[in-house]
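This briefing deals with internal cavities and with one helix. Please look at the sequence and the structure before reading on.

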Amino acid sequence: MKRYINQFLFVLAMLLCGTMSCKKVLDKPPLTAITADNYFKNGDDAESAITGCYDALQDDGYYGSVLNLLGEMPSDDVSSANADVFALDKIQWTATTSQPGRLFLNAFKGINRANSVIKYVPSITTGITTQRRGQILGEAYFLRALHYFNLVKCFGGVPLHLVPTETESQSAMARSTTDQVYTQIESDLTLAESLLPESFGNTGIDRTRATKGAVNALQAKVYLYERKWQLCISAAGKVMSNANYGTSLNTPFNDLLPFKNHQESIFEVQYAGTDDGGFTLPDLVLPSPPASYSFPKYNIPTDNLMNAVDTVNDQRWKNRGTVEGGTSYTSAILGTGDGNDGGWFVYKWRSTNFFASKDNYPLLTLDDVYLMFAEASNELNGPTADGLARLNAIRVRAGIGETSLAILASKNLFRDEVDQQRRFEMAFQGDRWFDLVRYSNQMIADPSAVHKVAAMDIIKQQRGTANTNYLLYPLPLDELNTNPLAKQNPGF
């Protein structure tokens with residue numbers, strides 16, 4: 001934990017040489033040290049600090065690529081011949097596997113930045129209104145909740161740092177339980193909802209910064225993972241009635257791609273196509289061309305997935321003809337090159353720009369909320385007209401037509417359809433493995449809740465035994481070495 005100390009200092013340095021002129025900065029006499037005493041003084045400092053909190057999401061070790069790989073590579077949707085992701089693909093991760101360690105590091109960097117805002121911004125009164133100060137705090141609470149949600153679904157219980165780690169004595173902390181982490185996430189989101197506006201008055205900004213809608217969408221997802229069905233329904237309902245995102249799924253699916261703050265997006269990690277953001281994922285998953293060069297790519301769509309989709313009628317997978325590098329099938333591209341560049345590849349991101357894509361990463365979207373509502377409604381009440389309406393909205397936009405309660409007459413049949421549409425709609429967006437894990441957790445908690453495919457099936461297929469330890473990633477060895485109070489997950 002020592003490496004997280006005073007992360008907000010790096011925020012200021014990044015902003016000075018990133019969003020301002022470095023020449024102007026270098027013309028000024030340097031500060032001996034940047035501390036809370038000489039930094040958090042006015043509204044500009046508060047704005048810089050919250051901008052740095054959003055910047056923490058962009059790193060290649062976070063939404064830039066790693067979180068997506070953790071959410072896709074172990075699943076049945078993708079595979080890879082690249083040795084860098086072998087441990088994820090074959091479910092052979094250990095405490096020294098790089099990707100979980102990088103996610104752990106970057107999430108706690110983000111937490112420390114948010115904690116600095118939460119601690120110091122309330123005392124700022126110069127150059128800032130009461131309303132804007134409250135909004136900044138709401139944004140920080142939302143982001144802290146998001147970081148802890150990513151951590152808890154990857155590792156289970158983690159240390160709950162709720163103040164900035166500014167001294168080495170603060171860094172060692174025992175892990176909280178999974179339930180305690182979720183309780184804190186819920187609390188942070190409740191505070192964020194009370195402080196954030198419905199809109200900042202600009203469609204693009206509303207997808208860039210946290211709003212009430214983003215809070216409600218994240219609440220729905222958190223409650224879905226906790227199996228708090230009624231709370232999930234309520235939170236999702238707030239999003240679906242929020243006109244900022246449209247009141248139906250009107251945008252043709254192909255027009256949602258690549259991701260760049262369309263109306264149905266609720267919150268996206270922003271990338272400008274420059275080196276500072278480091279959005280490397282498109283270059284890691286696309287053939288060359290359009291990728292910058294040829295090597296064994298990550299997240300190669302599996303035959304299992306591609307044999308399941310309808311490439312004739314389903315607008316999410318429809319054959320759309322020749323594009324650079326191959327043939328577009330909406331969500332996937334069939335590469336026509338040789339060797340590394342032939343076969344199926346992800347096509348939801350289409351700009352590479354030499355490992356600095358200008359496309360965004362979709363974190364919360366309206367179609368996801370529709371599917372969460374349908375799932376939670378079925379789990380709580382069985383098949384209902386309300387749940388079916390949201391499920392049919394997904395199907396109709398996809399061009400495969402409505403289904404009926406007569407066809408999905410049981411909770412199990414309805415669940416199968418939600419699972420399948422979730423797989424087809426949200427493919428490659430970083431959810432599939434985490435969905436499969438929560439399906440397994442649900443069946444462990446309630447054996448009557450049967451999913452056709454769950455994480456335990458994939459674990460058994462890859463490892464030979466259905467070992468529940470692999471429903472989580474291990475804490476990274478670096479954390480165990482620097483935090484003597486932390487204990488490893490079972491089996492690692």
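The points below cover the cavities, then the helix. The model is predicted. Four cavities of 30 Å³ or more are counted in it, and the two described here are the largest and the second largest.

**Largest cavity**
- The volume of the largest cavity is about 190 Å³.
- Its lining consists of 20 residues, and those nearest the centre are Tyr 63, Lys 153, Lys 221, Leu 363 and Asp 431.
- Sorted by class, the lining of the largest cavity holds 11 nonpolar, five polar and four charged residues.
- At least two lining residues come from each of helix 5 (66–72), helix 8 (130–155), helix 11 (212–226) and strand 8 (361–365).
- Strand 8 gives the largest share of this lining, with five residues.

**Second largest cavity**
- The second largest cavity holds about 110 Å³ of space.
- It is lined by 13 residues, with Leu 256, Phe 259, Ser 265, Thr 365 and Asp 367 closest to its centre.
- The lining of the second largest cavity is made up of five nonpolar, four polar and four charged residues.

**Helix 15**
- Helix 15 covers residues 366–381, and its end C-alpha atoms lie 22 Å apart.
- This agrees with the 22 Å span expected for its 16 residues at 1.5 Å a residue.
- Helix 15 is largely enclosed by the rest of the structure, because 14 of its 16 residues are buried, that is, under 20% relative accessible area.
- Gly 382, just after helix 15, has a positive phi of about 80 degrees.

Key:
Residues numbered from 1 in each chain as written. Predicted model: local features only at pLDDT ≥ 70, side-chain atom pairs only at ≥ 80, totals over all residues. Heavy atoms only, no water. 1 Å grid on protein atoms, 1.4 Å probe; cavity = no way out; pocket = protein on both sides within 12 Å on 5 of 7 lines; lining within 4 Å. Points joined across faces, edges and corners; volume = space filled by probe spheres on them. Helix = DSSP H or I, 4+ residues; strand = E, 2+ residues; numbered from the N terminus. Nonpolar A, V, L, I, M, F, W, Y, C, P; charged D, E, K, R; others polar. Expected span 1.5 Å × (residues − 1). Buried < 20%, exposed > 50% of the residue type's maximum accessible area, 1.4 Å probe, protein only.
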